[in-house]
Amino acid sequence: MKISIRGVSCSGKTTLAKRLSKELNIKHIELDECYWLPNWQNRELNEFLQVVEKKLKAESWVMDGNYSKVYKGLKVDYDYQVWLDYSFTKIFYRYCKRTFDRVVFKRRVCNGNIENYKSLFSADSLLLWILKTYWKRKSELKILQANGDKKLIVIKKEDDIVRMIENLKKRMR
């Protein structure tokens, strides 16, 4: 089984992917981990796509991330695309909680990188990224829904996740 998880930053894509990886016993592909090198240096595009393409050759996987470079540059053949579609309020709450935890406790992410107080107020801040992309992601989801994508699973609340996991487990038997 191959599952792509998308949604706005801080919607819980990686958390859900880790959970699905564990519960379904399938490989987890974290696009942020593939893209970001130590010291917040990004991989060159071709190298990034090669890393992801190699990982996509696995028999089954769950991949999280919104990298349009991946979806436009590679043939991503998934069985299901899970879209986390939460309110802006929930996303903002998760951003605050996650950022506080990462900055205060110096939690390592993406190849050992650490978020810091300076990053909160920079032009590249995650909050500005969320504000810039929230409605764009909503529009992308509406297009998929309008096209009647049968592989699409939209998650609007936590209860939807439990039902989805139960259904996916049944399909894997």
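Author: Two strands are said to pair if DSSP finds at least two bridges between them; strands (E, at least two residues) and helices (H or I, at least four) are DSSP runs numbered from the N terminus. The model is predicted, so that local features need pLDDT of at least 70 and side-chain atom pairs pLDDT 80 or more, while totals for chains, interfaces and linings use all residues. Residues are numbered from 1 along each chain as its sequence is written, and side-chain values use heavy atoms, without hydrogens and water.

Reader: In S5, which residue is the bridge partner of His28?

Author: Strand S2, residues 27-30, pairs with S5 in the parallel sense over 4 bridges. His28 of chain position 28 has its bridge partner in S5, and that partner is Val62.

Reader: Which residue in S5 does Ser4 stand opposite?

Author: Strand S1, residues 2-7, also runs parallel to S5, over 4 bridges. The residue of S5 that faces Ser4 is Met63.

Reader: Are the residues on the two faces of strand S5 buried or exposed?

Author: In a regular strand the side chains alternate between the two faces of the sheet. In S5, residues 61-64, Trp61 and Met63 lie on one side and Val62 and Asp64 on the other. With buried meaning under 20% relative accessible area, exposed over 50% and partly exposed in between (1.4 Å probe, protein chains only), both faces are covered and the four residues are all buried.

Reader: Over how wide an arc around the axis of H3 do the buried residues spread?

Author: Helix H3, residues 45-56, has 12 residues and reaches 16 Å from its first C-alpha to its last, close to the 16 Å expected (1.5 Å times one less than the number of residues). Its buried residues are Phe48, Leu49, Val52 and Leu56. They lie on the same side of H3 because their arc (of the directions from the helix axis to the C-beta atoms) is only 95°.

Reader: Which residues are exposed on the other side of H3, and which elements do its buried residues pack against?

Author: On the other side of H3, the exposed residues are Gln50 and Lys54. The buried residues of H3 pack (contact: heavy atoms within 4.5 Å) against S1, S2, helix H2 (31-35), S5 and helix H4 (68-73).

Reader: How many disulfides does the structure hold?

Author: A disulfide requires two cysteine sulfur atoms within 2.5 Å, and the structure holds 0. Cys10 is in none, the nearest cysteine sulfur being that of Cys96 at 8.9 Å; Cys10 is buried, with a relative accessible area of 5%. Cys110, buried at 9%, is likewise in no disulfide, its nearest cysteine sulfur being that of Cys34, 9.9 Å away. The number of disulfides is 0.
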